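Trainee: I would like to go through a structure with you, one question at a time.
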Amino acid sequence: MEQQIIEIRNISSSTNTDEAFRTLRTNLMYIDDLKVITISSSSPNEGKTVTAFNLAYQFAKLGKRVVLVDADMRRSSLRSYLMLKDKVSGLSEALSRQSRNYLFPTNVDNLFVILSGKNPPNPSELLSSPIFDQLISALKENFDYVIIDTAPMAVSMDATIVGRKSDGLVMVIRNEMTRKKNLRRIRADLERNGVRLVGAVLNRVKKNQIDYGDYRYEKYYE
Ligand SMILES: Nc1ncnc2c1ncn2[C@@H]1O[C@H](COP(=O)(O)OP(=O)(O)OP(=O)(O)O)[C@@H](O)[C@H]1O
Ligand SMILES: [Mg+2]
């Protein structure tokens, strides 16, 4: 059977965005033992999905084999963000063993996706299950990078659960939205839960605040 190719339609190239995510990619490549990268944020709408896709895309452009996994099984936005037409099985079917056909190549060379699938009643349980550990191990063997998009931390433990199973977590912070106090608390929570914080993306930075556009990568603040 010929495998279906998922067509990503939203690839637009903004020089600023490209540059910011190339910087993020380069910084992450220099961190040891970092293949499985979780992307999260404290609240909804901070830019996790945009960051996860663009990071995966930049790795793929460099010739790295990448799989982008949508682990936001609560309010997934990856399908609509990528403007996908195809309705295919995804992570929820994989983790509940309802399908074995959930990993798809895309029209971008080297970039594969696992979509979230149908909203399951118990996302945290599915992500906690050993089946997810096995899936991550298998992906790690077959890809150079595994980029995992998650639900915001304010609404569930999902990102922490996924973060623990990853090699590192990148926090997306929406400029002028997330309070420093909350960030400190989140950082402490992550550390307590054994999640390795590897960086932060400051999103929606105003043009006059920085050199290159909307996004900025930062080593995590002290
Ligand atoms: N720097 C930016 N400039 C303009 N629009 C942006 C920027 N970053 C994100 N957006 C837009 O903001 C919306 C939210 O972004 P995104 O879906 O990546 O956030 P999210 O953190 O994944 O949200 P959710 O918590 O709902 O999953 C999207 O419509 C996205 O296109
Ligand atoms: Mg999202």
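Mentor: The turns below cover the protein as a whole and then its ligand.

Mentor: This is a predicted model, where local features need pLDDT of at least 70, side-chain atom pairs count only at pLDDT 80 or more, and totals for chains, interfaces and linings use all residues. Residues are numbered from 1 along each chain as its sequence is written, chains are lettered from A and ligands numbered from 1 in the order in which they are written, and side-chain values use heavy atoms, with hydrogens and water left out.

Trainee: What is the radius of gyration of the protein?

Mentor: The radius is taken over C-alpha atoms, and the globule rule is 2.2 Å times the number of residues to the power 0.38. For 222 residues the rule gives 17 Å, and the protein comes close to that, so it is as compact as a globular protein of that length. The value for the protein is 16 Å.

Trainee: Which residue has a polar side-chain atom 2.8 Å from a nitrogen atom of ligand 1?

Mentor: A polar contact is a pair of N or O atoms within 3.5 Å; within protein, one must be able to donate a hydrogen and the other to accept it, and residues adjacent in sequence count only if both atoms are side-chain atoms. An oxygen atom of ligand 1 is 2.7 Å from an N or O atom in the side chain of Lys48, and one is 3.0 Å from a polar backbone atom of Asn45. The residue asked for, with its partner a nitrogen atom of the ligand, is Asn203.
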